Each structure stands twice: as C-alpha cells, then as structure tokens.
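User: Please take a close look at one part of this model and describe it in detail. Then follow the elements around it through the rest of the chain.

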Amino acid sequence: MKKAYVGSPLGFFEAGRVFLREKLHPAIERAGFSIIDPWHLTPEEEFTRVASISGEKERKDAWRELNLVIGRNNARGIEDADCVVAVLDGSDVDSGTSAEIGYACAKAKTILGY
C-alpha cells in the first residue's frame with residue numbers, strides 16, 4: 001500500500017485532531033493510502049517530560065534537543081512516504097507545514113495541497 005505523510009498544524013488543537021482522525025485521514029485511506037502522521041512519530045511522553053522540567057535553562061535545552069528529534073522523525077516519515085498531503089488552511093501556511101513541503105520537494109515527492 002502506498003503511504004501518504006500528512007503535514008499540517010492541526011495537531012496543535014483538539015478540533016484539528018478530531019478533523020484529522022475523523023475526516024481527512026479516512027478520506028486519504030479511502031483513496032488507497034496508509035497514513036504517516038507526524039503527530040504520532042515522536043512519543044507524547046517526550047513532550048510531557050520536557051514540559052515538566054522546572055528549570056528554565058534546562059527546559060529550553062531539552063526543547064532544543066527534542067525539536068531535533070522531531071525534525072529527524074518527520075524527515076524519516078517524509079522519506080518513507082510516497083507522497084505528502086499538506087494542509088494549507090489559514091491566512092498563512094503554517095511554518096512547519098512549509099518546511100515539510102520544502103523537504104518533500106527536495107526529496108522529489110509528490111505533494112498535494114489541501
């Protein structure tokens with residue numbers, strides 16, 4: 001089965017997560033693709049762990065390290081995908097989604113804007 005990486009800012013808020021889970025992902029699956037969801041490529045426990053660090057400097061350093069992990073995980077997800085579906089809603093395209101589009105383009109992936 002072909003794989004679609006779904007890049008979007010929708011994982012930042014509950015209504016967006018519901019839309020992904022109940023509408024967009026099922027539509028992509030009906031089109032014959034399995035989903036690579038970047039919101040699930042890095043374990044939730046990592047975010048909780050970093051957010052719970054009490055010292056400001058230590059927390060900043062941990063976020064910096066976690067951001068690199070997230071970037072690597074997402075890059076691997078794009079590399080493993082046959083295409084990228086990019087959610088382009090809003091007055092401006094989300095900066096993270098823009099980066100995913102750019103990386104997918106550099107890897108010669110098919111990119112579909114939604």
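A loop residue and its surroundings

Analyst: Ala-108 lies in the loop that runs between α4 (95-106) and β4 (110-113). Helices and strands here are DSSP runs numbered from the N terminus, with H or I over at least four residues for a helix and E over at least two for a strand. The model is a predicted one, in which local features need pLDDT of at least 70 and side-chain atom pairs count only at pLDDT 80 or more, while totals for chains, interfaces and linings use all residues. Residues are numbered from 1 along each chain as its sequence is written, and side-chain values use heavy atoms, with hydrogens and water left out.

The backbone at Ala-108 has a phi near 60°, a positive value in a residue other than glycine. Its relative accessibility is 69%, so Ala-108 counts as exposed. On this scale, computed with a 1.4 Å probe on protein chains only, buried means under 20% relative accessible area, exposed means over 50%, and partly exposed is in between.

The helix on one side of this loop, α4, contains Ser-98, which is partly exposed at 34% relative accessible area. In sequence, Ser-98 is 12 residues from Ala-86, and their C-alpha atoms are 8.4 Å apart in space. Val-93 belongs to another loop, the one between β3 (83-86) and α4. Val-93 is partly exposed, at 38%. Along the chain, Val-93 and Ser-8 are 85 residues apart, but their C-alpha atoms are separated by 9.1 Å.

Cys-105 is exposed, with a relative accessible area of 54%. Its closest cysteine sulfur is that of Cys-83, 14 Å away, which is too far for a bond. Cys-83 itself counts as buried, at 5% relative accessibility. A disulfide is taken as a pair of cysteine sulfur atoms within 2.5 Å, and by this rule the count is 0.

Cys-83 leads on to the core. Together with Ala-4, Val-6, Leu-10, Leu-20, Leu-24, Ile-28, Val-85 and Val-87, Cys-83 makes up the largest nonpolar core, 9 residues in all. At least two residues of this core come from each of β1 (2-7), α1 and β3. The largest share is that of α1, with 3 residues. A nonpolar core is defined as a set of buried Ala, Val, Leu, Ile, Met, Phe, Trp, Tyr and Cys residues joined through side-chain atoms within 4.5 Å.

The next feature is the empty space. The largest pocket has a volume of about 810 Å³. Its lining comprises 28 residues, of which Pro-38, Trp-39, Phe-47, Ile-70 and Asn-74 are the closest to the pocket centre. A pocket is found on a 1 Å grid over the protein atoms alone, as an open set of points where a 1.4 Å probe fits, with protein on both sides within 12 Å along at least five of seven lines; lining residues have an atom within 4 Å of a point. Grid points are joined across faces, edges and corners, and the volume is the space filled by probe spheres set on them.

α4 takes part in this lining: α1 (14-30), α2 (44-51), α3 (56-80) and α4 each supply at least two residues. The most comes from α3, with 7 residues. By class, the lining has 12 nonpolar, 10 polar and 6 charged residues.

Two of these helices, α1 and α3, hold salt-bridge partners about one helical turn apart. A salt bridge is a side-chain nitrogen of Lys or Arg within 4 Å of a carboxyl oxygen of Asp or Glu, and the structure holds 5 of them. Glu-14 pairs with Arg-17 at 3.0 Å, N to O. These partners are 3 residues apart in α1, which means that about one helical turn separates them. Glu-14 bridges to Arg-21 as well, with the closest N and O atoms 3.8 Å apart. Glu-14, Arg-17 and Arg-21 are thus linked in a network of salt bridges. Each member is partly exposed: Glu-14 at 45%, Arg-17 at 33% and Arg-21 at 49%.

In α3, Asp-61 and Arg-64 are likewise 3 residues apart, about one helical turn. Their salt bridge has its closest N and O atoms 3.0 Å apart, and Asp-61 is partly exposed at 25% relative accessibility.

Methods
Nonpolar A, V, L, I, M, F, W, Y, C, P; charged D, E, K, R; others polar.
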